[in-house]
Amino acid sequence: MSDVIARTAETVLRSAENLHELVDRHGAGNDRMGKIADPVVEQLRAIGALGVYTPRELGGAEMTPRQAMDLFRTVSYADPATGWVTFALGFATGLAGAFLPADVAADLFSTPRAAFAGQGTRPGRAVPVDGGYLVSGDWSFASGIKHATHVLTAATDTGTGEARCFVLPVGEVDLIDNWTVLGLRGTGSIDYTLRDTFIPADHTFATTSTEPITGGSLYRIGVGNFASLNHGGWALGVGRRLLDEFTTGLQGKTVSDAVAEDYATAEAKLRSAKAFLYEVWEEIEGLLTRGDAPTIRLDTLNRLALNNAVWRVEEIAAFVYSGSGTRALRDGLVQRLFRDVHAGTQHITSSRTILQWAGRELAGLAEGQRWVHHSMK
């Protein structure tokens, strides 16, 4: 981020709103190319959107949780794939900046246009050796990696059993261009592999880290809690675009009572999902301001709020698709939004497992357990 002057969150948000026309115009092309158009990425980088979670000391915006969701809603409204890549790059880049040793982070972020991408839901293997680790593995769903300078990837230390994040230049991994999918095609979420690649010990940190080396209280929420900010903000932005496109198509037409009723229900679903998610994060932000970390109950509620938002938007997408008739059937924006939503529902954070663990904790059946990323232990 060295070529980007640190910007305030408010400046980034205003600038992102002004990018709507550019991002929207490239949405269909992103879908065909399997990546985000270069002019869009350059503008996201220029306004500081990719530094959404990057510590201010490293040139980032270090947004509050609700500010980050506002950003992701804004960009995802213009194009779901671009919104997804924005949060994916922002997330990995921010973690690297916050949790790597300060001198290492400063050196990495001196790389022109530094941006990080990678995966951690299926950890690889990290064998301890003198001075570092030999890391091997096969990872999928590396959203935004085509626009990254570095990879942040998870692997399990074979000596301690601890899951850790490792950072290395993107040129050292083997990329597999296999992103042939239903939706979110523009994210370019391809696979990548490593085989006994040496990574220095100071280029890694525990995936359970909550005390930042660089940056403020934001990073105390833990890696797993960022998911609701990322995917929740994304879902809310796409849901709003779906409903706005639907009402645009209704103008000048006779609307039945049933359609009007279903539209009202869809609006209620989206607005209540947003209220739930933002309410939880307002409470978490209050704790962070006082120097505290989220409680286990808030960890549960924020995962539940995310899961709820995604599936309410899936229902909205089904309503808009069926109500738009052949307009949605043919290639176009409504069809692309529909496909992107259904790709988004397949993320682990939207799985039934999250609901099951949340139900246990809320019912008092998870005594002594805590959330570790996407399950309780």
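# A first walk through the model

Hi everyone. Let's start with Asp244, which sits in helix H8. Before going further, please keep in mind that this is a predicted model. Asp244 has a relative accessibility of 24%, so it counts as partly exposed. Now look across to Gly159: the two residues are 85 places apart along the chain, and their C-alpha atoms are separated by 53 Å.

Let's stay with the helix around Asp244. How many of the 25 residues of H8 are buried? The count is 19, so H8 is largely enclosed by the rest of the structure. We can also check the length of H8. With 25 residues at 1.5 Å each, the expected span is 36 Å, and the end C-alpha atoms are 37 Å apart, which agrees. After H8 comes Gly252, where phi is positive, near 85°.

Next, please find helix H12, residues 333-344. Twelve residues at 1.5 Å a residue should span 16 Å, and the C-alpha atoms at the two ends are indeed 16 Å apart. Ten of those twelve residues are buried, so H12 is also described as largely enclosed by the rest of the structure. Among the buried ones you will find Leu333, Val334 and Leu337, but also Arg336, Arg339 and Asp340. And what do the buried residues of H12 pack against? Their partners are helices H3, H6, H8, H10 and H11. So H8, where we began, turns up again here.

H6 was on that list too, and H6 has a neighbour I'd like to show you. Helix H5 covers residues 65-78, and H6 covers residues 80-99. Their axes lie 5 Å apart and make an angle of about 150°. That angle makes H5 roughly antiparallel to H6. On the H5 side, the residues that meet H6 are Phe72, Val75 and Ser76. Facing them from H6 are Pro80, Thr82, Gly83, Trp84, Thr86 and Phe87. Sorted by class, this contact has five nonpolar residues, four polar ones and no charged ones.

Over to H10, which was another partner of H12. Thr300 is in H10. Is Thr300 buried or exposed? Its relative accessibility is 0%, so Thr300 counts as buried. The side chain of Thr300 has a polar contact of 2.9 Å with the side chain of Glu361. A polar contact of 2.8 Å links the side chains of Thr300 and Trp371. Leaving out residues up to four places away in sequence, Thr300 touches Ala358, Glu361, Leu362 and Trp371.

Tyr321 belongs to H10 as well. Here the relative accessibility is 27%, so Tyr321 counts as partly exposed. Beyond its neighbours within four places in sequence, Tyr321 is in contact with Ala328, Leu329 and Phe338. From Tyr321 to Trp139 is 182 residues in sequence, and 33 Å in space from C-alpha to C-alpha.

Trp139 brings us to a strand. A polar contact of 3.1 Å joins the side chain of Trp139 to that of Thr153. Where is Thr153? Look in strand S4, residues 150-157. Thr153 is buried, with a relative accessible area of 0%. The side chain of Thr153 also reaches the backbone oxygen of Gln119, at 3.5 Å. Setting aside sequence neighbours within four places, the contacts of Thr153 are Gln119, Trp139, Arg164, Cys165, Phe166, Tyr192 and Leu194.

I'll finish with two residues in loops, and a little background first. Most residues other than glycine have a negative phi. Which value does Glu62 have? Its phi is positive, about 40°, although Glu62 is not a glycine. You will find Glu62 in the loop between helix H4 and H5. The relative accessible area of Glu62 is 8%, and Glu62 is buried.

The second one is Leu184, again not a glycine, with a positive phi near 55°. Leu184 lies in the loop that runs between strands S6 and S7. At 4% relative accessibility, Leu184 counts as buried.

That's the tour. Thanks for listening!

Definitions and conventions
Residues numbered from 1 in each chain as written. Predicted model: local features only at pLDDT ≥ 70, side-chain atom pairs only at ≥ 80, totals over all residues. Heavy atoms only, no water. Helix = DSSP H or I, 4+ residues; strand = E, 2+ residues; numbered from the N terminus. Buried < 20%, exposed > 50% of the residue type's maximum accessible area, 1.4 Å probe, protein only. Polar contact = N/O pair within 3.5 Å; in protein donor to acceptor, adjacent residues only side chain to side chain. Contact = heavy atoms within 4.5 Å. Axes fitted to C-alpha atoms, helices over the stretch in contact; angles between N-to-C directions. Parallel < 35°, antiparallel > 145°, perpendicular 65-115°, else oblique. Nonpolar A, V, L, I, M, F, W, Y, C, P; charged D, E, K, R; others polar. Expected span 1.5 Å × (residues − 1).
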